[in-house]
Amino acid sequence: MNEFTVEDEEPIEILRIDPKLEGEQVARVQEVRRKRDQARCSKSLSDLRKAAAGTDNLMPYILEAVRAYATEGEIMNTLIEVFGIYTEKAVI
């Protein structure tokens, strides 16, 4: 039993995203990818990958990737390729 329960706790409202809005956002991202300079974007992500594998400061490379219109997911996936995904180990 939890000693610190609250009697009249209001339920937390769950944010629901309208599927139409989600579709619009997907279309905007696809449009950005279609219009960007793909060679510049690919080079910036490649440079970021090389910097992450070394000891360089990553911020200039991340900013260049953003300026080349790389998406957040593309930047994160590039870093995950080098660093992997951290999973905290449960200590009991």
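# Notebook: α2 and its helix neighbours

**Entry 1: Gly54.** I started with Gly54, which counts as partly exposed at 45% relative accessibility. For the record, buried is under 20% relative accessible area, exposed is over 50% and partly exposed falls in between, with a 1.4 Å probe and protein chains only. Gly54 sits in the loop between α2 and α3. I took helices as DSSP runs of H or I with at least four residues and strands as E runs of at least two, numbered from the N terminus. I also checked Gly54 against Val82: the C-alpha atoms are 9.8 Å apart, with the two positions 28 residues apart in sequence numbering.

**Entry 2: ground rules.** This is a predicted model, so I noted that local features need pLDDT of at least 70 and side-chain atom pairs count only at pLDDT 80 or more, while totals for chains, interfaces and linings use all residues. Residues are numbered from 1 along each chain as its sequence is written, and side-chain values use heavy atoms, with hydrogens and water left out.

**Entry 3: α2 against α4.** I looked up how helix α2 (residues 38-53) meets helix α4 (residues 72-83): the axes come within 9 Å and cross at roughly 30 degrees. Axes here are lines fitted to C-alpha atoms, for helices over the stretch in contact, and the angles run from 0 to 180 degrees between N-to-C directions. α2 and α4 are therefore roughly parallel to each other. My angle bins: under 35 degrees is roughly parallel, over 145 roughly antiparallel, 65 to 115 roughly perpendicular, and the rest oblique. The crossing of α2 past α4 is right-handed; that label applies if the near helix is turned clockwise from the far one by less than a right angle, and left-handed if anticlockwise.

Next I pulled the contact list, with contact meaning heavy atoms within 4.5 Å. From α2 I got Cys41, Leu45, Leu48, Arg49, Ala52 and Ala53, and these meet Glu74, Ile75, Thr78, Leu79, Glu81, Val82 and Phe83 of α4. By class, that contact has 9 nonpolar, 1 polar and 3 charged residues. The classes: Ala, Val, Leu, Ile, Met, Phe, Trp, Tyr, Cys and Pro are nonpolar, Asp, Glu, Lys and Arg are charged, and the others, Gly among them, are polar.

**Entry 4: two residues of α4.** Thr78 is in helix α4, and I have it as buried, with a relative accessible area of 3%. Not counting residues up to four places away in sequence, Thr78 touches Leu45, Leu48 and Arg49.

Leu79 is in α4 as well, and it counts as buried at 13% relative accessibility. With the residues up to four places away left out, Leu79 touches Leu48, Ala52, Leu58 and Gly84. For Leu79 and Leu58 I got 9.8 Å from C-alpha to C-alpha, at 21 residues apart in sequence.

**Entry 5: α2 against α3.** The α2/α3 pair packs at an angle of about 165 degrees, with axes 9 Å apart. That makes α2 roughly antiparallel to α3. This time the crossing is left-handed. Arg40, Ser44, Leu45, Asp47, Leu48 and Ala51 of α2 make the contact with Tyr61, Ile62, Glu64, Ala65 and Arg67 of α3. I sorted them into 6 nonpolar, 1 polar and 4 charged.

**Entry 6: the core.** Which residues make up the largest nonpolar core? My list has 12 residues: Cys41, Leu45, Leu48, Ala51, Ala52, Leu58, Ile62, Ala65, Ala68, Ala70, Ile75 and Leu79. A nonpolar core is a set of buried Ala, Val, Leu, Ile, Met, Phe, Trp, Tyr and Cys residues joined through side-chain atoms within 4.5 Å. At least two of these core residues come from each of α2, α3 (59-67) and α4, and α2 gives the most, with 5 residues.

I then took Leu45 on its own. Leaving aside neighbours within four places in sequence, Leu45 is in contact with Ala65, Ala70, Glu74, Ile75 and Thr78.

**Entry 7: leftovers.** Tyr69 has phi near 65 degrees, a positive value in a residue other than glycine. Most residues other than glycine have a negative phi. Tyr69 is in the loop between α3 and α4 and is exposed, at a relative accessible area of 53%.

Last, Met59: this residue lies in helix α3 and counts as partly exposed at 45% relative accessibility. From Met59 to Glu31 I noted 26 Å, C-alpha to C-alpha, at 28 residues apart in sequence.
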